[in-house]
Amino acid sequence: MLHRRNFIRIGSLGLSAFSFSSFHKPAVRKPLVISTWKEGLNANRAAWQILKNNGRALDAVEAGVMVTEDSINCCVGLGANPDRDGFVTLDACIMDENGNCGSVAFLERIKHPISVARRVMEKTPHVMLVGDGAQKFAVAEGFPLEEQKLSDDAKKAYEEWLKKSEYKPQINIENSGHAFAPAKLNNGDWNHDTIGMVALDAHGNLSGSCTTSGMGFKMRGRLGDSPIIGAGLFVDNEIGAATSTGLGEEVIKICGTHLVVELMRQGLKPEEACKKAVERIVHKNPAKAREFQVGFIAINKQGEYGGYCIQTGFDFAVCYADDKNFMVKGKHLL
Ligand code: SD4
């Protein structure tokens with residue numbers, strides 16, 4: 001027979017186990033915003049101003065990457081590396097908590113492609129506009145047509161590239177010294193051509209954005225993953241959100257960010273999901289994988305975050321408080 005004292009002890013242990021599992025669910029970290037590369041710190045700061053005031057994640061991810069599109073320190077916007085014919089062509093996409101999305105690609109002379117992508121989402125029955133049509137739409141929406149102004153770095157890099165005009169597309173291996181590798185800035189940072197951002201707002205809603213000048217000295221008309229929903233960016237408000245950077249062709253081949261979100265749906269944490277997607281790319285292409293970079297970052301509904309990449313050198317910016325905006329080194333597979 002169970003002694004009365006033991007019964008009470010077991011009873012109270014049972015009760016505390018019950019109360020632990022029922023009432024001590026880890027707190028959701030929100031709001032939260034993360035974005036690719038060091039330029040993400042400035043972008044996060046702008047996004048945070050909206051998030052901390054109970055703003056919508058969608059507004060935050062637009063405002064955040066607009067900072068990068070504006071920045072002269074970065075190759076994302078109009079001053080970026082041109083295509084091989086000397087023209088800067090921009091790609092961007094955005095996705096909200098309701099699964100709405102908008103995208104522009106091969107867009108020229110418009111300063112904020114991310115905002116045009118948002119207008120495509122909100123003002124047209126379409127998801128994607130490209131080239132002249134995207135530019136016409138932007139102008140009709142009141143976006144000014146800018147002159148192309150290559151930054152000094154971009155001009156120099158293009159002139160250097162023209163000397164050989166060797167077409168060997170490669171992206172973001174920071175120390176490769178290849179013509180397509182990002183330029184090293186005076187302060188020692190690397191000059192990246194893309195930013196992807198995903199955010200969870202105070203209401204628990206997710207959104208994401210991605211904007212790029214794409215691969216430097218690319219063939220005219222080439223698009224990467226960045227404007228493609230499911231490749232460069234994917235958001236599912238029930239699960240999480242992910243964005244990518246690196247060699248877009250390889251991300252497109254595995255529908256990279258859609259895969260990351262689906263892996264989170266199956267129960268993986270953001271970092272594990274990003275790792276599995278990176279493994280998929282490397283597994284499909286073991287011979288070539290050392291020659292290119294791809295990085296994924298992701299967040300889930302619980303406010304957990306993570307990232308993973310193929311090569312060393314990728315990092316991302318994480319922000320969840322006024323005084324918590326910091327870089328995280330992406331773990332790498334090879
Ligand atoms: C592209 N994914 O156009 C982009 C490039 C990039 O850092 O992310 N660069 O393929």
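This tour moves through a predicted model, from its nonpolar cores to its aromatic rings, surface and salt bridges.

**The nonpolar cores**

Begin by selecting Val 260, Phe 296 and Ile 299, the residues with the most contacts inside the largest nonpolar core, which has 45 residues. Next, colour helix 9, residues 270-284; this helix gives the most to that core, with six residues. Then select Ala 60, Val 61, Ala 117 and Met 197, which are among the 29 residues of another core lying apart from the largest one.

**The aromatic rings**

The whole structure holds six aromatic pairs. Display the side chains of Phe 314 and Phe 316, whose rings are stacked, with 6.2 Å from centre to centre and 25 degrees between the planes. Both Phe 314 and Phe 316 are buried. Add Trp 37 to the selection: ring pairs link Trp 37, Phe 314 and Phe 316 into a cluster.

Move now to Tyr 320 and Phe 326, an edge-to-face pair with 5.9 Å between the centres and 85 degrees between the planes. Tyr 320 is partly exposed, at 22% relative accessible area, and Phe 326 is likewise partly exposed, at 27%. Keep Tyr 320 in view and add Arg 29, which lies over the face of the Tyr 320 ring, 4.1 Å from its centre. Another such arrangement appears on selecting Arg 84 and Tyr 167, where the arginine lies over the ring face at 5.1 Å from the ring centre.

**A strand residue and two loops**

Select Ile 94 in strand 2, residues 90-95. Ile 94 counts as buried because its relative accessibility is 0%. Add Ile 114: the two residues are 20 apart along the chain, and their C-alpha atoms are separated by 6.9 Å.

For a nonpolar patch on the surface, select Val 127, Met 128 and Val 130, which together have about 230 Å² of accessible area. Val 127 lies in the loop between helix 4 (113-123) and strand 4 (128-130), and is partly exposed at 39% relative accessible area.

Continue to Glu 238, in the loop between strand 9 (233-236) and strand 10 (240-246). Glu 238 counts as exposed, at 64% relative accessibility. A C-alpha to C-alpha distance drawn from Glu 238 to Asn 300 gives 8.7 Å, although the two are 62 residues apart in sequence.

**The salt bridges**

The whole structure contains 21 salt bridges. Select Arg 109 and Glu 147, whose side chains meet at 3.3 Å, N to O. This pair links distant parts of the chain, 38 residues apart: Arg 109 is in the loop between strand 3 (101-107) and helix 4, and Glu 147 in the loop between helix 5 (131-140) and helix 6 (152-164). Arg 109 is partly exposed at 29%, whereas Glu 147 is exposed at 54%.

Turn next to Glu 249 and Arg 222, a salt bridge in which the closest N and O atoms are 2.8 Å apart. Glu 249 belongs to helix 7, residues 248-253, and Arg 222 to the loop between strand 8 (206-212) and strand 9. Here Glu 249 is partly exposed at 27%, but Arg 222 is buried at 11%.

Return to helix 9 and select Lys 275 and Glu 279, which form a salt bridge of 3.9 Å, N to O. The two are separated by about one helical turn because they stand four residues apart in this helix.

Finish with Asp 59, Glu 62, Arg 118 and Glu 122, which are linked in a network of salt bridges.

Technical notes. Residues are numbered from 1 along each chain as its sequence is written. This is a predicted model: local features need pLDDT of at least 70, side-chain atom pairs count only at pLDDT 80 or more; totals for chains, interfaces and linings use all residues. Side-chain values use heavy atoms; hydrogens and water are left out. A nonpolar core is a set of buried Ala, Val, Leu, Ile, Met, Phe, Trp, Tyr and Cys residues joined through side-chain atoms within 4.5 Å. Buried means under 20% relative accessible area, exposed over 50%, partly exposed in between (1.4 Å probe, protein chains only). Rings of Phe, Tyr and Trp (its six-membered ring) pair if their centres lie within 6.5 Å; planes under 30 degrees apart count as stacked, over 60 as edge-to-face and the rest as tilted. A charge sits over a ring if NZ of Lys or CZ of Arg is within 6 Å of the ring centre and within 35 degrees of the ring normal. Patches are made of residues with over 30% relative accessible area and no salt bridge: like charges are joined within 9 Å, nonpolar side chains (Val, Leu, Ile, Met, Phe, Trp, Tyr) within 5 Å. Accessible areas come from the Shrake-Rupley method with a 1.4 Å probe; for residues, only the protein chains shown count as cover. A salt bridge is a side-chain nitrogen of Lys or Arg within 4 Å of a carboxyl oxygen of Asp or Glu.
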